[in-house]
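The following note sets out points on the strand pairing, the charged pairs and one buried position. Please read the points alongside the sequence and the structure.

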Amino acid sequence: ISATPQSIKKEEEKAILEIGSGTIIREACTLNRGNPAFGGRTSIGQDCLLMAYVHVAHDCHIGNNCVLANNVTLAGHIEVGRFATIGGMAAVHQFVRIGEQVMIGGGSLVRKDVPPFITAARDPLTYAGINSIGLRRRGFTSADMHHIEDIYRILFVRGYSVRKAIDMIENELPQTEYSTQIVGFVRNAKRGIMKGFRN
């Protein structure tokens with residue numbers, strides 16, 4: 001815990017690893033502190049569960065109430081939103097962002113950003129529906145979930161370009177906190193977003 005980053009950049013300044021209260025770290029996890037060349041801070045939120053052999057590289061930021069199952073590997077500079085669950089043996093590319101309330105299937109290779117509230121699986125990583133079980137557990141109403149499904153049908157199912165889908169979401173659907181959050185996430189995806197639904 002708080003080992004030197006696995007990086008060729010030299011450490012010349014103070015760097016830290018922050019772990020929130022209530023977080024459980026199981027055997028053989030490797031959690032690297034930040035690299036001063038990139039800000040010098042790695043953070044793991046409150047009430048998380050990191051199962052055996054999880055690796056969290058330098059300058060990752062994990063939100064509260066996240067679950068990383070056995071052998072999950074996060075490269076550097078990854079952001080994971082609150083209440084996200086990442087299945088065992090999943091590997092996440094550096095600089096990827098994973099939105100809040102996301103469920104990623106075990107064994108996945110995560111190369112692109114994963115927007116909030118969804119389930120993602122397969123190879124290449126693909127939209128597999130909204131995270132209905134997780135959302136229901138956290139008090140989302142049926143109306144909320146139907147609205148989120150409508151957003152992702154346009155973004156991922158109907159085959160539109162991302163630009164066209166965003167335009168339709170903003171102009172044809174009710175504007176809510178969820179649509180604003182999803183559109184903002186997609187617009188700020190420096191690595192691009194994961195693929196839509198495929199038969």
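1. A salt bridge is taken here as a side-chain nitrogen of Lys or Arg within 4 Å of a carboxyl oxygen of Asp or Glu. The model under discussion is predicted. By this rule the count comes to eight salt bridges. As a general matter, side chains of opposite charge can pair when their charged atoms come close.

2. The side chains of E100 and R82 satisfy the criterion, with a distance of 3.2 Å from N to O. This pair links distant parts of the chain: E100 belongs to the loop between β13 and β14 (103-104), R82 to the loop between β10 and β11 (85-86), and 18 residues separate them. Is E100 buried or exposed? E100 counts as buried because its relative accessibility is 15%, and the limit for that class is under 20%. R82, with a relative accessibility of 41%, counts as partly exposed.

3. A salt bridge also joins D123 to R111, whose closest N and O atoms are 3.7 Å apart. D123 is located in the loop between β16 (118-121) and β17 (126-130), and R111 in the loop between β15 (109-110) and β16, so the pair ties together parts that are twelve residues apart in sequence. D123 has 54% relative accessibility and therefore counts as exposed. R111 has 41% relative accessibility and counts as partly exposed.

4. Within helix α2 (residues 142-157), D150 and R153 lie three residues apart, about one turn of the helix. Their closest N and O atoms are 2.7 Å apart, and the two residues form a salt bridge. Which residues make up the network of salt bridges that includes D150? The linked residues are E149, D150 and R153. D150 is partly exposed, with a relative accessible area of 32%; R153 is likewise classed as partly exposed, with a value of 36%.

5. Five strands form an open sheet in the order β1-β4-β7-β10-β13, with parallel pairing. At the edges are β1 (16-19) and β13 (97-98), each of which pairs on one side only.

6. The pairings can be followed from the β1 edge. Strand β4 (residues 41-44) runs parallel to β1, and four bridges join the two. One position in this pairing is L17, whose bridge partner in β4 is T42. β4 also pairs in the parallel sense with strand β7 (residues 61-62), over two bridges. There, I44 stands opposite I62 in β7.

7. At the other edge, strand β10 (residues 79-80) and β13 pair in the parallel sense over two bridges. The residue of β13 that serves as bridge partner of E79 is R97. The loops that carry the salt bridge of point 2 follow these two strands: R82 is in the loop between β10 and β11, and E100 is in the loop between β13 and β14.

8. H55 merits separate mention. The residue is placed in strand β6 (residues 55-56). Why does H55 count as buried? The classification holds because the relative accessibility of H55 is 14%, against a limit of under 20%. Which residues does H55 touch, not counting those up to four places away in sequence? The contacts are with Q6, T30, N32, V72, T73 and L74.

Key
Residues numbered from 1 in each chain as written. Predicted model: local features only at pLDDT ≥ 70, side-chain atom pairs only at ≥ 80, totals over all residues. Heavy atoms only, no water. Buried < 20%, exposed > 50% of the residue type's maximum accessible area, 1.4 Å probe, protein only. Contact = heavy atoms within 4.5 Å. Pairing = 2+ DSSP bridges.
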